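Work through the exercises below with the sequence and the 3D view open. Try each task before reading its solution.

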Amino acid sequence: MMAGLSREKTANIVLALLLLGVPLAAVAAGEPFYVTLATRIVILALAAIGLNIALGLGGLVSFGHAAFFGLGGYVAGILATHAFNGETVLFGLPSTTSMPVIWLVAVVLCGLVALPIGAISLRTSGVYFIMITLAFAQMIYYFAVSWPDYGGEDGLSLYVRNTFPGVNTAQPLPYFLVCLGVLAAAVCLFWLLRGSRFGAALEAARQNTTRLSAVGIAPFNIKLVAFVISAMVTGLAGALFADLNRFVSPSMASWQMSGELIVLIILGGKGRLFGPIAGAIVYVLFEFALGGITERWQFFLGLMLLGVVLFARGGLLGLVAGRARHD
Amino acid sequence: MTDAILELTDIRKSFGALKATDGVSLDLRVGEIHALIGPNGAGKSTLIHQISGSLKPDSGSIRFQGQDMAGLDMAARARRGLGRSFQISSLAPEFSALRNVMLAVQARQGSSFRFFRPVAGDRSLTEPAMAMLERVGLQDRARVPAAELSHGERRQLEVAIALALGPKAFLLDEPMAGLGPDGSKRLTGFLDALRSEAPILLVEHDMDAVFALADRISVLVYGSIIATGTVDEIRANPEVRRAYLGDAA
């Protein structure tokens with residue numbers, strides 16, 4: 001039992017060192033492109049950590065988390081575009097290019113949007129929950145498509161990357177480090193949540209909602225709070241993603257994106273602290289390595305996903321570390 | 001009637017044409033074990049579900065500690081002090097035995113929206129939970145996931161969880177189910193002492209246990225209670241003998 005735990009810890013440390021070390025080495029070797037690739041990994045991992053709170057801990061298979069990813073992206077894009085044009089946003093609210101402010105707005109907005117979506121969706125479960133979260137995400141997706149002020153289907157470009165106090169975010173490495181810092185904070189948040197009383201109730205809700213009710217804890221409230229926190233983290237990732245690409249488009253809120261986030265978690269190991277990170281590393285590297293050879297790289301990703309689902313239910317981390325255990 | 005902690009009045013529940021609960025009235029008094037017996041399909045589980053809040057009666061009232069429970073869901077009823085165990089073990093299978101009980105302790109403390117402090121070293125959770133495991137004799141299996149416990153151990157764990165809630169009344173749905181003779185005997189002794197803590201509404205098929213434990217017995221047949229009385233009265237009741245006990249009694 002202890003050996004299994006420490007093996008997962010070892011794997012986590014190796015992943016963390018790789019994530020920090022490879023971009024530094026790439027800069028030293030004069031290959032900044034790899035830093036951008038690593039930033040993409042970090043941001044996708046962050047989005048998936050958000051989803052992992054709902055899906056991994058709570059067993060809530062949200063097929064609509066791209067909605068929050070997209071919302072976060074549009075917050076960054078809209079605030080920055082207005083700021084660039086020297087305008088205010090809706091109702092005369094000030095625009096900004098400051099990342100911390102943008103993040104705060106993205107997180108709060110995603111929380112506010114997730115609250116009614118969660119409250120309605122959580123009246124269902126299983127396949128119906130999957131479908132209703134998808135339906136909400138599609139509503140947000142088509143809303144973005146049909147809003148010409150912010151580019152509609154064509155998306156919205158950010159002229160320059162937003163700013164972070166004391167950091168030159170236009171350079172790949174400093175921006176990567178900012179994103180990595182946010183990811184580290186999210187990993188800590190996930191770890192704290194999982195170990196807390198709230199986490200115990202949430203994991204019990206995944207395993208057996210009747211048991212949770214019978215001890216007097218209302219599963220609905222627990223799941224709703226988890227869904228909202230989950231959406232907030234994924235929304236924050238969306239804001240970072242917009243800044244990485246200096247571009248947002250409705251595709252960030254598409255159902256393919258929702259599916260991608262689920263794939264990252266399943267690949268890496270659902271409910272595991274570093275599962276989304278392992279998943280994002282493998283996913284982006286696959287996309288990069290095979291995407292250059294064939295347009296059909298997702299075929300091979302599909303094969304690997306099939307292998308993981310059939311033979312390694314605990315994901316890639318489960319393969320390394322064995323079954324997850326409590327106590 | 002004043003010392004009745006749980007009072008059911010004319011409860012009715014139909015599934016289509018089937019009257020699963022057909023005008024049941026019964027009460028549970030302080031300090032007693034009230035056994036609910038009846039043949040398979042008599043509607044015992046349906047009745048338990050309505051008391052615990054997982055099913056809504058079509059009509060009738062359920063009062064607990066003088067308060068009407070209509071409109072309260074299962075979690076709310078549990079918080080008001082109704083501790084139930086399940087006919088088929090209902091545990092968090094991935095959690096250890098200890099973690100299962102800790103969940104109940106945390107629920108009793110009313111503190112599930114704490115997001116940061118780790119539970120693992122939280123002695124306000126682990127110590128009461130361990131004490132409950134000791135009471136049912138599971139302390140050596142505390143770290144074993146519930147899914148890996150034997151059937152009998154899971155039954156014990158169900159009881160430990162119900163105990164940890166510190167309920168005002170127990171609702172035990174076939175706690176003896178699937179236990180061997182030794183297990184049944186031990187649990188019988190345990191429940192015998194438990195009634196002084198909180199009264200027990202006991203659904204049970206094990207007649208030895210029922211006759212050994214019950215202060216009163218109600219017999220449910222086709223959704224109606226055909227008799228309520230002491231062990232001797234029930235044993236002597238010709239209608240009960242015909243409907244259920246046969247010649248065994």
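## Exercise 1: Two helices of chain A

The buried residues of H5(A) pack against H3, helix H4 (99–121), helix H9 (219–245) and helix H10 (255–268) of chain A. Contact here means heavy atoms within 4.5 Å, and buried means under 20% relative accessible area, exposed over 50%, and partly exposed in between (1.4 Å probe, protein chains only). Helices (H or I, at least four residues) and strands (E, at least two) are DSSP runs, numbered from the N terminus.

This is a predicted model, in which local features need pLDDT of at least 70 and side-chain atom pairs count only at pLDDT 80 or more, while totals for chains, interfaces and linings use all residues. Residues are numbered from 1 along each chain as its sequence is written, chains are lettered from A and ligands numbered from 1 in the order in which they are written, and side-chain values use heavy atoms, with hydrogens and water left out.

Task: List buried residues of H5(A), then check the lengths of H5(A) and H3(A).

Solution.
- Step 1. The buried residues in H5(A) include A:Phe129, A:Leu134, A:Phe136, A:Ile140 and A:Tyr141.
- Step 2. The expected span of a helix is 1.5 Å times one less than its number of residues.
- Step 3. H5(A) covers residues 127–145, 19 residues that should span 27 Å, and its end C-alpha atoms are 27 Å apart, which agrees.
- Step 4. H3(A), residues 66–84, also has 19 residues and an expected span of 27 Å; the distance between its end C-alpha atoms is 26 Å, which agrees.
- Step 5. Of the 19 residues of H3(A), 17 are buried, so the helix is mostly covered.
- Step 6. Just after H3(A), A:Gly86 has a positive phi of about 65°.

## Exercise 2: The sheet of chain B

Task: In which order do the 6 strands of the open sheet in chain B lie, and which strands stand at its edges?

Solution.
- Step 1. Two strands pair if DSSP finds at least two bridges between them.
- Step 2. The order is S6-S7-S8-S3-S9-S10 in chain B, with mixed pairing.
- Step 3. S6 (82–85) and S10 (224–229) of chain B are the edges: each has a single partner strand, so one side of each is left without a neighbour in the sheet.
- Step 4. From one strand to the next, the twist averages 15°.
- Step 5. S6(B) runs parallel to S7(B), residues 169–173, and 4 bridges join them. B:Leu82 is opposite B:Ala169 in S7(B).
- Step 6. S3(B) is joined to S8(B) by 4 bridges, in parallel, and B:Ile33 has B:Ile200 as its bridge partner there.
- Step 7. S3(B) also pairs with S9(B), residues 216–221, in the parallel sense over 4 bridges; B:Ala35 has B:Ile217 as its bridge partner in S9(B).
- Step 8. B:Ile33, B:Ala35 and B:Ile37 point one way from S3(B), B:His34 and B:Leu36 the other way, and all are buried.
- Step 9. Helix H6 (residues 181–194) of chain B lies across S3 (33–37), S7 and S8 (200–203) of that chain, at about 150° to S8(B). Axes are lines fitted to C-alpha atoms, for helices over the stretch in contact, and angles run from 0 to 180 degrees between N-to-C directions.

## Exercise 3: The interface

Task: How many residues of chain B are in contact with chain A, and how many salt bridges are there between the chains?

Solution.
- Step 1. 37 residues of chain B are in contact with 31 residues of chain A.
- Step 2. Buried area is the accessible area (1.4 Å probe) that two parts lose on being put together, summed over both. For chains B and A this is about 3,100 Å², with 58% of it on carbon and sulfur atoms.
- Step 3. A salt bridge is a side-chain nitrogen of Lys or Arg within 4 Å of a carboxyl oxygen of Asp or Glu. The count between chain B and chain A is 3.
- Step 4. One of the salt bridges joins B:Glu94 and A:Arg206, with the closest N and O atoms 2.5 Å apart.
- Step 5. B:Glu94 is partly exposed at 40% relative accessible area, and A:Arg206 is partly exposed at 22%.

## Exercise 4: A salt bridge within chain A

Task: Where do A:Arg272 and A:Glu8 lie?

Solution.
- Step 1. A:Arg272 forms a salt bridge with A:Glu8, the closest N and O atoms being 2.8 Å apart.
- Step 2. A:Arg272 is in the loop between H10 and helix H11 (275–291) of chain A, and A:Glu8 is in helix H1 (residues 2–28) of chain A, so the pair ties together parts that are 264 residues apart in sequence.
- Step 3. A:Arg272 is buried at 4% relative accessible area, and A:Glu8 is buried at 11%.
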